[in-house]
Amino acid sequence: MLKMPSGTQRKSLFIASLTATLMLGANAFAAEKITFQLNYPAAGYNAGYELAVEKGFYKDVGLDVTIEPGNGSQITAQLVAAGKADIAFADASPVMKLISQGAKMKVLATILQGNPNQVTALKKTGLKSVADMKGRSVAVPNGGSQAAMFPLVLAANGLKDTDIKVVNMPPDSMVPALLQGTVDVILGSVDAYGPQLKSMNVETDNFLFIDSGAPTVSTSIIASESFLAAHPDQAKAFVAASLKGWYAALDDQPAAIAAMKKMFPDANDKLAPGQIDATKFLMCVNRAKFVGKATPDQWSDTVKIFAAIGVLPADIPATKYYTYDYLPPESALRPCPLK
């Protein structure tokens with residue numbers, strides 16, 4: 001026969017239950033709402049964040065994260081600089097330029113450790129090196145970072161502006177122009193034009209900028225200094241959970257694509273696999289040692305390169321642009337090369 005609890009015991013159980021309920025409520029109330037601004041619309045190259053939401057990695061560390069699509073790294077960086085976004089994902093180049101001009105923000109974690117730009121030609125064109133562009137027509141996308149870095153690539157390969165015919169065109173026209181033979185070469189990117197051509201079973205020869213005279217770091221998690229000062233623990237938690245989301249995306253690509261499609265139904269799931277493959281590749285290029293953490297040498301070289309093309313002043317040290325304070329310890333990061 002079961003023994004019923006005494007009045008004192010019932011009272012103790014009630015208090016314990018009430019305390020647990022209040023603690024759960026307090027924890028739920030304490031969840032920090034964060035809006036994360038992407039660099040571009042949802043795609044494979046930012047699917048790690050959607051997977052972190054789907055798997056509850058942010059909630060596990062007390063964050064309630066909303067992901068907003070972007071319209072380019074330049075605009076995303078400006079939003080953070082203007083205080084209209086707290087934490088975001090953007091290419092390092094516009095972020096560093098704004099910081100050099102006085103914007104109060106920092107790079108917290110570098111996801112793409114090399115810029116994705118590349119020289120691309122159809123296989124039948126027969127390019128064996130970047131130097132083989134001499135005498136060729138080269139398409140340059142309007143508004144892209146390729147145009148600013150291209151002079152470094154030319155110089156590193158013994159070429160001058162007059163050795164090629166530059167054709168400026170809208171980004172959407174690049175691949176059709178290459179396929180139609182309107183141009184011989186395009187200045188594309190391994191994470192955008194690359195997957196597009198691959199999905200069409202087009203054979204190409206590609207030469208990365210990072211191997212051809214312009215080894216700069218690229219797309220990173222950034223945040224305003226005001227957000228970091230007010231929410232340092234949340235910033236650390238966000239970075240750790242985001243990296244966990246990316247690691248999960250690398251291990252289970254279909255899950256990442258499903259999470260992306262669930263959150264953003266209009267996202268292109270056909271191109272997403274190639275975009276994730278390109279992101280995985282770029283996570284460990286350019287002498288990278290750990291996913292998410294660019295080395296001081298990578299940062300110093302990036303500053304030198306951007307200073308050489310007039311994007312940054314030469315007298316501001318690289319440490320002005322980034323911080324390791326919000327990264328997990330190296331023992332918790334995935335080492336390069338990725339297996």
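Which residues does Ala47 touch, not counting residues up to four places away in sequence? Ala47 touches Trp246, Ala256, Met260 and Ile276, where contact means heavy atoms within 4.5 Å.

The model is predicted: local features need pLDDT of at least 70 and side-chain atom pairs count only at pLDDT 80 or more, while totals for chains, interfaces and linings use all residues. Residues are numbered from 1 along each chain as its sequence is written, and side-chain values use heavy atoms, with hydrogens and water left out.

**Helix α2 and Ala47**

Ala47 lies in helix α2; helices (H or I, at least four residues) and strands (E, at least two) are DSSP runs, numbered from the N terminus. Ala47 is buried, with a relative accessible area of 0%. Here buried means under 20% relative accessible area, exposed over 50%, and partly exposed in between, with a 1.4 Å probe and protein chains only. Ala47 and Ala258 are 211 residues apart in sequence, yet their C-alpha atoms are 9.2 Å apart in space. Besides Ala47, the buried residues of α2 include Tyr49, Glu50 and Leu51. Just after α2, Gly56 takes a positive phi of about 80 degrees.

The two helices described in this report compare as follows.

| Helix | Residues | Buried residues |
|---|---|---|
| α2 | 47–54 | 6 of 8 |
| α5 | 92–100 | 7 of 9 |

**Helix α5 and its surroundings**

The buried residues of α5 are Ala92, Ser93, Pro94, Val95, Met96, Leu98 and Ile99. These buried residues pack against α4 (73–81), β3 (87–90), β4 (105–110), β10 (220–224) and α13 (296–308). At the N-terminal end of α5, Asp91 acts as a cap, a side-chain oxygen lying 3.1 Å from the backbone nitrogen of Ser93. Just after α5, Gly102 takes a positive phi of about 115 degrees.

**Strand β10**

One of the elements packed against α5 is β10. In β10, 5 of the 5 residues are buried, so the strand is largely enclosed by the rest of the structure. In a regular strand the side chains alternate between the two faces of the sheet. Both faces of β10 are covered, with Ser220, Ile222 and Ser224 buried on one side and Ile221 and Ala223 buried on the other.

Strands pair if DSSP finds at least two bridges between them. β3 and β10 pair in the antiparallel sense over 4 bridges, and 5 bridges join β4 to β10, also running antiparallel. Ile222 in β10 is the bridge partner of Ala88, and Val107 stands opposite Ile222.

**Disulfide**

A disulfide is a pair of cysteine sulfur atoms within 2.5 Å, and by this rule the count comes to 1. Cys284 and Cys336 form the disulfide, with their sulfur atoms 1.9 Å apart. The torsion about the S-S bond is about -75 degrees, so the disulfide is left-handed. Cys284 lies in the loop between α12 (272–282) and α13 and Cys336 in the segment after α13, so the pair ties together parts that are 52 residues apart in sequence. Both cysteines, Cys284 and Cys336, are buried.

**Cavity lining**

A cavity is a set of points, on a 1 Å grid over the protein atoms alone, where a 1.4 Å probe fits but cannot get out; lining residues have an atom within 4 Å of a point. Grid points are joined across faces, edges and corners, and a volume is the space filled by probe spheres set on the points. A search of the whole structure finds 1 cavity of 30 Å³ or more. The largest cavity has a volume of about 40 Å³. β4 gives the most to its lining, with 4 residues. Among the lining residues are Val107, Leu108, Trp299 and Tyr322.

Notes. Polar contact = N/O pair within 3.5 Å; in protein donor to acceptor, adjacent residues only side chain to side chain. 1 Å grid on protein atoms, 1.4 Å probe; cavity = no way out; pocket = protein on both sides within 12 Å on 5 of 7 lines; lining within 4 Å.
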